[in-house]
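Here are my notes on the model you sent round. Have it open while you read, and jump to the residues as they come up.

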Amino acid sequence: MESILGLLFHSIGGFSSGSFYMPFKKVKGWAWESYWIIGGFFSWLIVPPLAAYLTIPGFVDIIGSAAPTIKTVTYSMGLIWGIGGLTYGLGVRYLGMSLGNSIVLGFCSAFGALVPPIYYNFNHVEGKVSFTDMLANPGGQLVLLGVLVCLLGIAFSGRAGMLKELDFEGADKTHIKKDEFSLIKGLIIAVISGILSSFFNFGIEAGKPMADVANEAWKVLNPGQGEFLYQNNVTYVVLLWGGLTTNFIWCMYLNYKNKTFKDYTNTETPIAKNTMFTALAGTMWFLQFFFYGMGESKLGNGASSWILHMATIILTANFWGFYLKEWKGVSKKTFRTFLLGIGLILLSIVLVGIGNSL
């Protein structure tokens, strides 16, 4: 039952993440950097402490009493994760949407799922699953198989995207300008982005002592009720400060460079509606990790939680594309490749769920 609830919570979080960009499409007259940072204020600064306030009594005291090294490392992981998110855009620019997304998400999935267990191999922490533990346990082996199947599914999804580009544009064209395409540069940036983006998962692990305090306090008040669903909400407050720092600096630089500071006060644009839609997008973005924390509290395995989170985001994004008829008019070979990728990702979710239950 715990594994089923974990799957459900991760699915809800993945759906929220895969859908959060839709409200941004309703923003009119603002540059990307303007609506991105306004949405970011809700994602990283406003909603996280509000969620912590509503779910964790005394969360400010928990953060204040945590060791400085814990807060510093957690914040630093957020900074690095923020850089990964920014370099993601460059990877897509140089490789195109399908290839860029596949490489970034593939590396993010693999590193986010596997590095924490490998880390616990060298720095043993009571209650944490190491890579050796996973290799020695049938359930752990099944989780690792699920990771591999997910990466294979991502590869087929990327292949389907490239075939779609050929179907629509012709064999000698792509959706990006020829003078911008750079395979070597794009691969290097996409690999870096995928690795750095996975640091969000490391940040959750680094901030776990704060979550443990919230968890133990809840257990005292609710004996015999299991793990506290919202324990990670206190970690997110510190972790997302790092992401806010990176994105704020970059967006302010773009506002200055592109002379778009006027967006925030331009009465010729629907400021109220734009703010509402960016707030909705930012809140939906944060909800992915709100439910991620709930799912992790049920599954308890970093590899399982991370790969399920990434897989459900990919599924949601692909199904939005299907709903918007992005695959209409493609060849049968392209559509079969697309369905094969989706099927493999679904299979990976089943494998990880079963493996975790074992």
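1. Is Phe286 buried or exposed? I started there. Phe286 is buried, because its relative accessible area is 0%, well inside the under 20% cut-off for that class. Keep in mind throughout that this is a predicted model.

2. Staying with that residue: Phe286 sits in helix 12. Leaving out residues up to four places away in sequence, Phe286 touches Ser43, Val47, Pro48, Ala51, Tyr236 and Leu240. Take Tyr236 from that list: Phe286 and Tyr236 are 50 residues apart along the chain, and their C-alpha atoms are separated by 9.4 Å.

3. Now the overall picture. The protein chain has 14 helices and zero strands, so if you read the elements from the N terminus on, you get α-α-α-α-α-α-α-α-α-α-α-α-α-α. Of the 358 residues in the protein chain, 51% are buried. Among contacts with a separation of 6 or more, 82% are between residues 24 or more positions apart. The accessible surface comes to about 16900 Å², and carbon and sulfur atoms own 70% of that surface.

4. Next, helix 11, which covers residues 233-258 and includes Asn233. Asn233 counts as buried because its relative accessibility is 2%. With residues up to four places away in sequence set aside, the contacts of Asn233 are Ala51, Ala52, Thr55, Ile56 and Phe290. Ala51 is worth a second look, since Ala51 is also one of the residues that Phe286 touches.

5. Thr235 is in helix 11 too. Thr235 is buried, with a relative accessible area of 0%. What does Thr235 touch, not counting residues up to four places away in sequence? The list is Thr74, Gly203, Ile204, Gly207, Lys208, Met210 and Ala211.

6. Two of those contacts of Thr235, Gly203 and Ile204, lead to helix 9, which spans residues 199-206. Helix 9 is mostly covered, with seven of its eight residues buried. The buried ones are Phe199, Phe200, Asn201, Phe202, Gly203, Ile204 and Glu205. I'd colour this stretch by accessibility when you look at it.

7. Back on helix 11, there is a residue with another environment to look at. Tyr253 belongs to helix 11, and Tyr253 is partly exposed because its relative accessible area is 41%. Tyr253 joins Tyr21, Trp32 and Trp250 in a nonpolar patch on the surface. Together these residues have about 390 Å² of accessible area.

8. Which residue has a phi near 55°? That is Lys259, where the value is positive although the residue is not glycine. Most residues other than glycine have a negative phi. Lys259 lies in the loop between helix 11 and helix 12. As for its surroundings, Lys259 is exposed, with a relative accessible area of 64%. I'd have a look at the backbone there.

9. Helix 1 (residues 2-19) includes Ser16. Ser16 counts as buried because its relative accessibility is 8%. Apart from neighbours within four places in sequence, Ser16 is in contact with Met284, Leu287 and Gln288. Ser16 and Leu287 are 271 residues apart in sequence, yet their C-alpha atoms are 6.4 Å apart in space.

10. Helix 14 holds Ile354, which counts as partly exposed because its relative accessibility is 41%. How far apart in space are Ile354 and Gly139? Their C-alpha atoms are 7.4 Å apart, with their positions 215 residues apart in sequence.

11. Last, the charged surface. Arg159, Lys332, Lys333 and Arg336 form a positive surface patch. Which helix gives the most to the positive patch? Helix 14, residues 332-357, does so with three residues. Lys332 is found in helix 14, and Lys332 counts as exposed because its relative accessibility is 68%.

Note on methods: Residues numbered from 1 in each chain as written. Predicted model: local features only at pLDDT ≥ 70, side-chain atom pairs only at ≥ 80, totals over all residues. Heavy atoms only, no water. Patch = residues over 30% accessible without salt bridge, like charges linked within 9 Å, V, L, I, M, F, W, Y side chains within 5 Å. Areas by Shrake-Rupley, 256 points an atom, 1.4 Å probe, with all protein chains shown as cover. Salt bridge = Lys/Arg side-chain N within 4 Å of Asp/Glu carboxyl O. Lys, Arg positive; Asp, Glu negative; His and termini not counted. Charge placed at Lys NZ, Arg CZ, Asp CG, Glu CD. Helix = DSSP H or I, 4+ residues; strand = E, 2+ residues; numbered from the N terminus. Buried < 20%, exposed > 50% of the residue type's maximum accessible area, 1.4 Å probe, protein only. Contact = heavy atoms within 4.5 Å.
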